[in-house]
Amino acid sequence: MNYWSDVPPATKDYAAARDVIVRHTDDLVPTLSVRPRPQETLRGVVTGIDERNDLITLRLAEGASSDFRVQDGLVFNAVHDGDQVEITVEDISGAKTIVGVKKE
C-alpha cells in the first residue's frame with residue numbers, strides 16, 4: 001500500500017494537489033505489471049457443439065469428456081463433431097475457456 005503524505009489538501013490548492021497526484025501516478029504506473037493468465041494446451045475429439053450456451057465438449061486424450069466455454073464465436077465455424085483438435089484453454093471468470101483452436 002502506498003501512502004502519499006505530500007499531497008496538499010485539494011480544497012486549499014487544487015492545482016498543487018493534482019500535480020502531486022499526477023506525479024505519483026506517473027511514477028506508479030510503470031511498476032504495475034499485467035500477469036498473463038496461465039494457459040493449458042489439451043488435445044481431444046469434438047463430441048458436442050452447443051452454440052446457444054457457448055460450449056464445446058471434447059473427449060480428451062485421457063478418455064474423459066469435458067465442456068469448455070468458447071470466448072470467440074468464430075470457433076463454432078472452425079470445428080465440427082468428430083474433429084481432432086488441440087485447444088488452448090484459460091480460466092476466465094472461473095470457467096475453462098477456449099482461447100485458441102488448431103485442427104489436427
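Me: How far apart are the mean positions of the positive and negative charges of the protein chain?

Reply: One takes the mean position of each kind of charge and asks what distance separates them; in this predicted model, the 12 positive and 18 negative charges of the protein chain have mean positions 2 Å apart.

Me: Which secondary structure elements make up the protein chain, and in what order do they run from the N terminus?

Reply: One counts the helices and strands and then follows them along the chain; here there are two helices and five strands, and from the N terminus on they are arranged as α-β-β-β-α-β-β. The radius of gyration of the protein chain is 24 Å, well over the 13 Å that the globule rule gives for 104 residues, so the chain is more spread out than a compact globule. Along the principal axes, the C-alpha trace spans about 70 × 25 × 20 Å.

Me: What percentage of the residues of the protein chain count as buried?

Reply: Burial is judged from the relative accessible area, with under 20% counting as buried; by that cut-off, 25% of the 104 residues are buried, while the protein chain exposes about 7,500 Å², of which carbon and sulfur atoms supply 50%.

Me: Is E86 buried or exposed?

Reply: One compares the value for the residue with the cut-off: E86, which lies in strand β4 (residues 84-92), has a relative accessible area of 13% and is therefore buried, since buried means under 20%.

Me: Which side chain does the side chain of E86 join in a polar contact?

Reply: The partner is R43, at 2.5 Å; beyond its neighbours within four places in sequence, E86 also has contacts that include T41, L42, G100 and V101.

Methods. Residues are numbered from 1 along each chain as its sequence is written. This is a predicted model: local features need pLDDT of at least 70, side-chain atom pairs count only at pLDDT 80 or more; totals for chains, interfaces and linings use all residues. Side-chain values use heavy atoms; hydrogens and water are left out. Helices (H or I, at least four residues) and strands (E, at least two) are DSSP runs, numbered from the N terminus. The radius of gyration is taken over C-alpha atoms; the globule rule is 2.2 Å times the number of residues to the power 0.38. Buried means under 20% relative accessible area, exposed over 50%, partly exposed in between (1.4 Å probe, protein chains only). Accessible areas come from the Shrake-Rupley method with a 1.4 Å probe; for residues, only the protein chains shown count as cover. Lys and Arg count as positive and Asp and Glu as negative; His and the chain ends are not counted. The place of a charge is taken as NZ of Lys, CZ of Arg, CG of Asp or CD of Glu. A polar contact is a pair of N or O atoms within 3.5 Å; within protein, one must be able to donate a hydrogen and the other to accept it, and residues adjacent in sequence count only if both atoms are side-chain atoms. Contact means heavy atoms within 4.5 Å.
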